[in-house]
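Here is a friendly walk through a two-chain model, meant to be read with the structure open beside you. Take a look first, and then we can go through some of its parts together.

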Amino acid sequence: MSEQLLTNFTIFVMAILVGFAVISKVPATLHTPLMSGANSIHGIVLVGAMIIAATAHDAAGYLLALIAVAFATMNVVGGYVVTDRMLQMFRRRGAPAAPRPDQIADRAEG
Amino acid sequence: MLGLYTARTVAMTAMPQLVSLFNAVGGGAAALVAIEEYLSRSSGDIPLDTTVFVVLDIVIGAITFTGSLVASGKLMGLSFTPSRPVQVPGGRLVTIGLAAIVVLGSVYLFVGNESPAVMLLILAAALVFGVTMTLPIGGADMPVVISLLNSFTGTAVAMAGFVLNNVVLIIAGALVGASGAILTKLMADAMNRSVMNIMIGGFGGGDAAAGATAGAGGSVRELGVDDAAIQLAYAQNVIVVPGYGLAVAQAQHAVRELAELLEDRGVDVKYAIHPVAGRMPGHMNVLLAEANIPYPQLREMEDINPDFERADVALVIGANDVTNPAARRPGSPVSGMPILDVDRARNIIVIKRSMGRGYAGIDNELYTNEKTGMLFADAREGLANLVAAVKAL
């Protein structure tokens with residue numbers, strides 16, 4: 001196992017842990033935008049598509065790279081815009097989306 | 001550009017399909033990256049670790065691509081991907097066979113052989129596997145599947161990162177993979193089913209569905225707009241149960257109008273939000289928030305269920321499976337799914353376009369309950385009529 005691979009693997013595991021830590025703190029209300037946001041994030045494969053586009057050297061390579069870039073771009077742009085639209089709906093009311101502690105207390109009494 | 005256009009124009013209710021579609025292209029892109037990388041390098045020596053990641057990337061990416069497309073098609077109600085579970089005779093065997101092809105092909109490549117042909121065979125098998133895996137799963141479980149596939153794509157992207165030695169891809173992919181996995185778990189918990197159960201089992205068995213429909217078939221009481229308005233206006237506690245039908249009809253503003261009217265008359269109005277109302281966790285909250293409905297009135301399921309007994313009227317708007325009392329008994333496809341105790345309310349008004357079935361594909365016993373009055377109308381139209389009728393009182 002090369003050192004490069006080992007480093008990559010460490011980063012991989014660390015990122016997974018961060019992912020778990022972040023998501024477990026998000027309230028259920030925001031899960032739909034969250035899923036959409038995560039969806040948009042993995043559109044980062046666009047970077048990978050660009051890298052293969054740079055190293056492509058035959059017709060098939062160019063074609064594959066083209067499709068990959070088109071797909072990835074759709075993923076990033078679409079995912080981002082959709083997430084933004086969803087979050088817009090929370091923002092417009094001016095009130096926080098998550099219940100504040102006093103509201104929760106109110107509920108317990110009511 | 002295409003992505004931007006669709007994302008801007010699509011209706012809020014079509015969100016899950018769209019997310020799934022974007023997910024599909026993301027997975028597809030990840031698979032393509034790996035294919036191209038493999039093909040362009042196949043002349044020279046490819047180290048074993050690269051091969052492993054390439055294969056993983058292609059397999060996961062391809063499954064996600066077709067799987068997400070099927071999931072998206074099911075939610076859009078396309079005819080070739082019906083939302084009801086599709087059981088092909090021997091379908092399970094085909095799936096297992098495909099999995100075997102993938103595994104054997106991978107082993108062949110791992111032991112040192114280099115063959116683009118085998119790689120493409122694996123790709124094809126994985127693509128078909130995505131279809132056969134998703135097709136038998138019912139529409140009700142689609143959100144969970146989409147979330148799971150989302151997690152898959154993240155993993156595929158991370159694998160692409162390993163292939164290309166690109167740290168950004170690894171980090172982003174792993175983040176999404178992990179968050180997708182935990183989200184999937186949360187959603188499955190909300191429906192009281194395990195992820196494995198959903199992936200393998202389809203939605204209930206054919207025989208179970210038959211047993212559930214036998215109990216239904218009672219008579220349905222139809223209710224006029226004026227009668228419904230009187231019931232609502234002279235009630236003290238009203239619980240609104242919004243469902244997918246409300247979302248489709250974009251009736252969230254009409255609901256708020258009706259609720260405000262009732263509150264002016266001194267009626268206490270609350271909203272019961274099922275965890276998977278509108279097909280994704282929090283989807284309904286987003287819609288109601290858009291209509292400026294005060295957040296404290298939105299109640300989660302566990303919170304509101306004890307209140308149904310004291311409610312004079314439960315107004316069910318386009319919700320179906322999440323209110324089906326059949327879920328309390330074993331032997332029905334929705335068994336074990338937590339539901340809103342709508343049937344405990346003193347009176348029930350259901351606004352619905354028809355007696356059509358929900359995602360689970362079974363009849364709702366709530367509709368034949370003697371306390372239930374059915375108001376057959378499009379959610380927005382029906383609510384507008386109700387508002388007019390309440391005003392006229």
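Strand β1 of chain B (residues 237-242) is mostly covered, with five of its six residues buried. Here, buried is a matter of 20 or more other C-beta atoms within 10 Å of a residue's own, exposed of 12 or fewer, and partly exposed of anything in between, with C-beta atoms placed from the backbone. Helices (H or I, at least four residues) and strands (E, at least two) are DSSP runs, numbered from the N terminus.

This is a predicted model, in which local features need pLDDT of at least 70, side-chain atom pairs count only at pLDDT 80 or more, and totals for chains, interfaces and linings use all residues. Residues are numbered from 1 along each chain as its sequence is written, while chains are lettered from A and ligands numbered from 1 in the order in which they are written.

Which strands does β1(B) join by bridges? The table lists them; two strands pair if DSSP finds at least two bridges between them.

| Partner of β1(B) | Bridges | Direction | One bridge pair |
|---|---|---|---|
| β2(B), residues 268-273 | Four | parallel | B:Val240 and B:Tyr271 |
| β4(B), residues 313-317 | Five | parallel | B:Ile239 and B:Ala314 |

How confident is the predictor? Its per-residue score, pLDDT, goes from 0 to 100. Chain B averages 73, and 73% of its residues score at least 70. Within chain B, confidence is highest in β1(B), at a mean of 84, and lowest in helix α9 (residues 206-215), at 36. Over residues 202-217 of chain B, pLDDT stays under 50. For the complex, the predictor gives an ipTM of 0.72 and a pTM of 0.67.

Now to chain A and its helix α1 (residues 3-23). At 1.5 Å times one less than its number of residues, the 21 residues of α1(A) should span 30 Å, and the end C-alpha atoms are 31 Å apart, which agrees. Its buried residues are A:Asn8, A:Phe12, A:Ala15, A:Ile16, A:Gly19 and A:Ile23. Seen down the axis, they fall within an arc of 105 degrees, so they line one face of the helix. That arc is taken from the directions from the helix axis to the C-beta atoms. On the other side, the exposed residues include A:Glu3, A:Thr10 and A:Leu17.

Finally, the chains meet: 61 residues of chain A are in contact with 65 residues of chain B, contact being C-beta atoms, placed from the backbone, within 7 Å. The largest share of chain A's side, 19 residues, comes from α4(A).

Conventions. pLDDT = per-residue confidence, 0-100. Contact = placed C-beta atoms within 7 Å.
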